[in-house]
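Hi,

Here is the structure I said I would pass on. Have a look at it first, and then read my notes below.

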Amino acid sequence: MSDIKIKITDREGVLHEVDAPTDMNMNLMELVRSYELAPEGTIGVCGGMAMCASCQCYVKSDHELPEKSYEEDAMLAEAFYVEDNSRLGCQIRIVEDLEGLEVELAPAEL
Ligand code: FES
């Protein structure tokens, strides 16, 4: 069992430093849900298929993340509040290299 620390600023601007397991095949959207950092129904709407953008977040640290897939790029092209550092949380897998990652949840679209 190996955990990393991730800093997540929620939609109210509150910073949470959470332990994230790297051995559970989790993604960032699932992590936010597991700590209930966003109300049920406002994140992870499509179940992690890169089809809703409810898991959009802004990456604040300069960690190297996997390239966006075509699906992620296409979804972000249609989403609201998109910035240069926007990513879909469900497409970011929790791995050891992300120790110290800092993200902020994008505003809910609903
Ligand atoms: S949960 Fe729908 S795009 Fe990430």
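**Loop between α1 and β3**

Let me start with glutamate 36, which sits in the loop between α1 and β3. Keep in mind throughout that this is a predicted model. The phi angle of glutamate 36 is near 55°, so we have a positive value in a residue other than glycine. With a relative accessibility of 67%, glutamate 36 counts as exposed.

The loop between α1 and β3 also holds alanine 50. Alanine 50 is not a glycine either, yet has a positive phi of about 60°. Is alanine 50 buried or exposed? Its relative accessibility is 6%, and because buried means under 20%, alanine 50 counts as buried. Glutamate 36, at 67%, is on the exposed side.

**The core**

Now to the inside. The largest nonpolar core is made up of 30 residues. Ile6, Ile8, Leu28, Leu31, Leu88, Ile94 and Leu101 are the ones with the most contacts inside it. At least two core residues come from each of β1 (3-9), β2 (15-21), α1 (28-34), β3, α2 and β5 (102-105). Which element gives the most to this core? That would be α1, with 4 residues.

Leucine 101, one of the residues with the most contacts in the core, is placed in the loop between β4 and β5. Its relative accessible area is 1%, which makes leucine 101 buried. If you want a distance to check, leucine 101 and tyrosine 81 lie 21 Å apart in space, C-alpha to C-alpha, with their positions 20 residues apart in sequence.

**Salt bridges**

How many salt bridges does the structure hold? There are 4, and I'll go through three pairs here.

Take arginine 87 and glutamate 72: their side chains meet in a salt bridge with an N to O distance of 2.8 Å. The pair links distant parts of the chain, with arginine 87 in strand β4 (residues 86-88) and glutamate 72 in helix α2, 15 residues apart. Are these two residues buried or exposed? Both arginine 87 and glutamate 72 are buried. For arginine 87 the relative accessible area is 8%. While you have arginine 87 on screen, look at cysteine 57 as well: the two are 30 residues apart in sequence and 5.5 Å apart in space, C-alpha to C-alpha.

Another salt bridge joins lysine 60 and glutamate 104, whose closest N and O atoms are 3.0 Å apart. Lysine 60 is in the loop between β3 and α2 and glutamate 104 in strand β5, so this pair ties together parts that are 44 residues apart in sequence. Lysine 60 is partly exposed, with a relative accessible area of 48%. Glutamate 104 is partly exposed too, at 26%.

Then there is the salt bridge between the side chains of arginine 33 and glutamate 40, at 3.4 Å from N to O. Here arginine 33 is partly exposed, having a relative accessible area of 35%, whereas glutamate 40 is exposed at 71%.

**Surface charge**

On the outside, have a look at the negative surface patch. Which residues form it? They are Asp3, Asp23, Glu64, Glu67, Glu96 and Asp97. Of these I looked further at glutamate 67, found in the loop between β3 (56-59) and α2 (70-78). Its relative accessibility is 74%, and since exposed means over 50%, glutamate 67 counts as exposed.

**One more in α2**

Finally, alanine 74 lies in helix α2. Alanine 74 has a relative accessibility of 30% and so counts as partly exposed. Alanine 74 and valine 59 are 15 residues apart in sequence, and their C-alpha atoms are 18 Å apart in space. You can set that against the salt-bridged pair arginine 87 and glutamate 72, also 15 residues apart, with side chains that meet at 2.8 Å, N to O.

If you only have time for a quick look, I'd go to the buried pair arginine 87 and glutamate 72, and then to the positive phi of alanine 50.

Cheers

Key: Residues numbered from 1 in each chain as written. Predicted model: local features only at pLDDT ≥ 70, side-chain atom pairs only at ≥ 80, totals over all residues. Heavy atoms only, no water. Patch = residues over 30% accessible without salt bridge, like charges linked within 9 Å, V, L, I, M, F, W, Y side chains within 5 Å. Areas by Shrake-Rupley, 256 points an atom, 1.4 Å probe, with all protein chains shown as cover. Lys, Arg positive; Asp, Glu negative; His and termini not counted. Charge placed at Lys NZ, Arg CZ, Asp CG, Glu CD. Buried < 20%, exposed > 50% of the residue type's maximum accessible area, 1.4 Å probe, protein only. Core = buried A, V, L, I, M, F, W, Y, C linked by side-chain atoms within 4.5 Å.
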